[in-house]
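Visitor: I would like a walk through the buried side chains and the enclosed spaces of this model. Could you take my questions one by one?

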Amino acid sequence: MSVLTDLIYGGSHAVAGLTEGAVNDAIAKYGADKAVAFPDTAYFLPTIYAATGVKVKTLGDLPACVGVLKSLITDQEDLGQALNAGLATAVGAEILEALKYAESDDPYADEAGIGFVSDPIIRSLGVPLVTGDIPGVAVVLGKADDPADVVNVVKDYQSKGIMSFLVGDVIDQCIEGGVKMGLEFRVVPLGHAVTAVTHVVTVAIRAALIFGAIEPGKLSDLLTYTKERVPAFVNTFGAIDNVVVSAGAGAIALGFPVVVDIDLGENQVPGALESVTDHSLTVKKSLELRNIKIKVTELPIPVAFAAAFEGEIIRRSDMLTEFSSHANPTCELVESVEAGSIEDHKITVVGPDIPAGGELPLATYVKVAGAKMQPDFESVIERKFHTWFNYMEGVMHTGQRNLIRIRVNKEAAAKGLTLHHFGEVLYNMIMDEFDSVVDKCEVTFYTEKEKVEEILNEKALPTYNKRDDRLASLTDESVDQFYTCILCQSFAPSHCCVVTPERLGLCGAVSWLDAKATKELTPTGPCQPIPKEGCLDERLGRYTKVNEVVEQATQGAVNSVTLYSILEDPMTSCGCFECICGIEPASNGVVVVNREYAGMTPTGMTFGELASMTGGGVQTPGFMGLGRHFIASKKVISAEGGVKRIVWMPKELKDDVADRLNKTAKELYGIDNFSDMICDETIATDTEEVLEFLTEKGHPVLEMEPLM
Ligand code: SF4
Ligand code: ZN
């Protein structure tokens with residue numbers, strides 16, 4: 001037997017033995033009926049569920065799984081067989097980790113690691129992964145001989161937007177090395193035990209179930225999906241034992257190449273298991289093996305610029321300068337002008353700059369010109385300021401238009417960051433992302449109160465008003481084309497969003513204007529026009545042309561889709577939806593639940609469980625993914641009666657959409673303060689009590705026709 005297969009089988013047997021012992025001990029201690037589950041997932045023990053279809057719910061379900069696990073370890077001298085033994089190790093690790101959750105509600109409470117990654121987090125990663133904003137996923141495992149090596153590698157991934165999951169002592173090494181950690185920084189510590197690697201394995205596996213609609217039990221479909229669609233790879237640091245090698249074999253079985261930093265000599269498997277002993281080459285090699293291409297944006301600014309800094313929070317005590325609409329006038333404006341009236345790449349700062357410190361007013365005024373530029377694209381460009389400013393390390397941006405806050409921390413200011421650099425960021429990013437419509441761009445910052453007020457009152461506010469009027473007039477009736485969006489097909493191959501003026505994409509990130517701009521920017525890209533032709537049923541929003549284009553866009557998977565119904569050929573869901581809408585039979589209405597809400601709903605299901613009812617590009621009557629903004633639309637499930645059907649929402653979501661929802665209800669049905677009639681978790685989650693509340697409030701759903 002080769003050294004490699006020897007190691008793999010050795011590790012697999014060790015893990016199998018450990019798992020069997022631990023399962024028996026746990027059953028002896030707690031009894032076979034004791035529940036075993038990971039928190040906030042609808043996929044049980046995901047590896048076992050996806051590979052075999054078995055829904056593990058109690059300790060008593062585990063011995064059979066141990067049996068399957070052992071059967072995967074054949075000790076045959078064949079790499080394919082050895083990789084199966086690697087999968088057995090993955091299953092063993094999953095069981096061992098699940099047992100921790102059977103023993104304690106929060107086994108990771110005292111750890112630097114977070115342990116199990118919930119379904120909503122995975123769903124939230126959908127859009128950044130499909131857009132390439134997160135170009136890949138690194139699993140970094142072990143203990144580096146020289147901590148600086150792993151720190152540099154992880155920081156390099158961070159600067160490239162790659163999401164790193166850390167397992168083992170590398171966690172402490174990275175913390176000590178000053179790596180900023182957390183989901184928002186794209187460096188996620190999982191746990192110290194090698195079995196914690198299961199928490200990233202199940203992320204990949206649940207991606208297949210959530211987005212790929214892979215049927216549980218179809219192991220080969222699962223492995224094809226993870227190999228082809230999940231851009232993950234593994235880096236190990238330091239000495240490796242047979243358990244690590246065997247876990248690595250599991251990763252390889254899933255299609256994830258493994259790069260180790262010790263010399264494996266002839267035991268390397270080209271493309272799957274390779275040695276890179278020079279750490280300055282680890283990142284390059286890893287990306288090559290997974291064919292991940294990084295678009296580098298080299299900007300002439302003194303701080304780092306990367307998606308990994310997008311979620312950075314800057315506290316008052318750390319900041320030097322703040323531009324905030326709470327204290328001063330502020331605004332951001334993109335205006336399209338005649339090419340002759342601007343000077344390309346001119347950046348001007350009028351008034352005190354960042355080094356002055358304290359509270360300052362700010363008008364960010366960007367003039368663009370281009371033969372293909374349209375006023376409709378101004379707001380699309382302007383909304384990107386938020387993302388780009390946040391990419392700067394040491395800068396935090398919130399809000400838009402004239403309600404913004406920008407904080408710059410002392411560290412960034414000490415590195416010499418000024419507004420001129422903000423201008424470089426805007427100029428370079430606009431020319432990069434909007435190059436097909438913008439030929440020239442000029443940026444001016446005003447920080448003197450009077451001047452800011454002038455820009456705000458004379459230019460910004462009138463423009464915002466004009467845009468609002470335009471948006472209000474943009475209805476599904478007023479346009480002659482809709483758009484497809486198939487961005488999510490890289491994860492959900494048969495999914496297609498139909499984006500209309502009143503119905504944005506279910507991820508919440510693609511409005512009709514965005515889709516229109518995308519079409520202009522990348523003519524053969526994910527957003528293609530659908531001529532609004534062949535209306536078959538106005539109430540349902542059924543069009544021959546929509547059906548045709550969707551059928552084409554989904555390679556025949558979906559051939560009939562309606563725009564306004566949740567029951568009759570509803571739109572498909574990919575998995576990254578902001579909210580899920582589901583029927584609540586007892587009240588004859590629907591609940592709408594946002595991804596952030598972790599509690600129970602009157603349907604007896606959590607967000608994660610409701611979400612698992614649909615997804616993967618499949619149509620599931622009764623369940624539908626929605627963008628937040630669509631909830632208050634006049635078109636939301638209008639075929640079934642519209643917003644009047646909404647009986648329950650989490651309070652945060654309800655408060656967020658209340659104003660717009662009330663306006664819609666008033667306009668359509670003459671109902672005042674409709675949101676007060678909608679129940680939430682602070683009132684009730686039990687169906688009986690919800691019904692009582694609805695009756696007390698005289699909710700209109702009680703008078704409506706039965707949904708089904
Ligand atoms: Fe994905 Fe639809 Fe959003 Fe496009 S609009 S990114 S397909 S969810
Ligand atoms: Zn999606």
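Visitor: Is Thr330 buried or exposed?
Guide: This is a predicted model. Thr330 is found in strand β8, residues 330–336. The cut-off for buried is under 20% relative accessible area. Thr330 has 1% relative accessibility, so Thr330 counts as buried.

Visitor: Which backbone oxygen does the side chain of Thr330 reach?
Guide: Thr330 is buried, at 1% relative accessibility. Its side chain has a polar partner at 3.2 Å. That partner is the backbone oxygen of Asn402.

Visitor: Is His699 buried or exposed?
Guide: His699 is found in the segment after α21 (687–697). Its relative accessible area is 1%, and the cut-off is under 20%, so His699 is buried.

Visitor: Which backbone atoms lie at the side chain of His699?
Guide: Take the oxygen, then the nitrogen. A polar atom of the His699 side chain lies 2.8 Å from the backbone oxygen of Ile646. The side chain of His699 also reaches, at 3.0 Å, the backbone nitrogen of Val701.

Visitor: How many cavities of 30 Å³ or more does the structure hold, and what is the volume of the largest cavity?
Guide: The structure holds three cavities of 30 Å³ or more. The largest cavity has a volume of about 190 Å³.

Visitor: Which residues lining the largest cavity are the closest to its centre?
Guide: The lining of the largest cavity has 17 residues. The closest to the centre are Leu125, Leu129, Val137, Val203 and Val230.

Visitor: Which element gives the largest share of the lining of the largest cavity?
Guide: β1 (137–142), β2 (163–167) and α9 (198–210) each supply at least two lining residues. The largest share is four residues, and it comes from α9.

Visitor: How do the residues of that lining divide by class?
Guide: Start with the classes that are absent. The lining of the largest cavity has no polar and no charged residues. The nonpolar count is 17.

Visitor: Which space does ligand 1 take?
Guide: Compare two residue lists. The residues around ligand 1 include Cys485, Cys488, His495, Cys497, Cys507 and Cys574. The second largest cavity is lined by residues that include Cys485, Cys488, His495, Cys497, Cys507 and Cys574. The space taken by ligand 1 is the second largest cavity.

Visitor: How much space lies in the second largest cavity, and how does its lining divide by class?
Guide: About 90 Å³ of space lies in the second largest cavity. No charged residue is in its lining. The classes there are 10 nonpolar and two polar.

Visitor: How does the shell around ligand 1 divide by class?
Guide: Leu487, Leu506 and Val510 are among the residues around ligand 1. Gly505 and Cys576 are also among them. By class, the shell has no charged residues, two polar and nine nonpolar.

Visitor: What is the volume of the second largest pocket, and which residues are the closest to its centre?
Guide: The second largest pocket has a volume of about 390 Å³. Its lining has 40 residues. The closest to its centre are Val244, Val245, Ala247, Gly248 and Ala249.

Visitor: Which element gives the most to the lining of the second largest pocket?
Guide: Several elements each supply at least two residues, among them α1 (3–30), α4 (79–103), β4 (232–237) and α11 (242–253). The top contribution is nine residues, and it is from α11.

Visitor: How many residues of that pocket lining are nonpolar?
Guide: The lining of the second largest pocket has no charged residues. Eight are polar. The nonpolar count is 32.

Note on methods. Residues numbered from 1 in each chain as written. Chains lettered and ligands numbered in written order. Predicted model: local features only at pLDDT ≥ 70, side-chain atom pairs only at ≥ 80, totals over all residues. Heavy atoms only, no water. 1 Å grid on protein atoms, 1.4 Å probe; cavity = no way out; pocket = protein on both sides within 12 Å on 5 of 7 lines; lining within 4 Å. Points joined across faces, edges and corners; volume = space filled by probe spheres on them. Nonpolar A, V, L, I, M, F, W, Y, C, P; charged D, E, K, R; others polar. Near = heavy atom within 4 Å. Sits in = over half its atoms within 2 Å of the grid points. Buried < 20%, exposed > 50% of the residue type's maximum accessible area, 1.4 Å probe, protein only. Polar contact = N/O pair within 3.5 Å; in protein donor to acceptor, adjacent residues only side chain to side chain.
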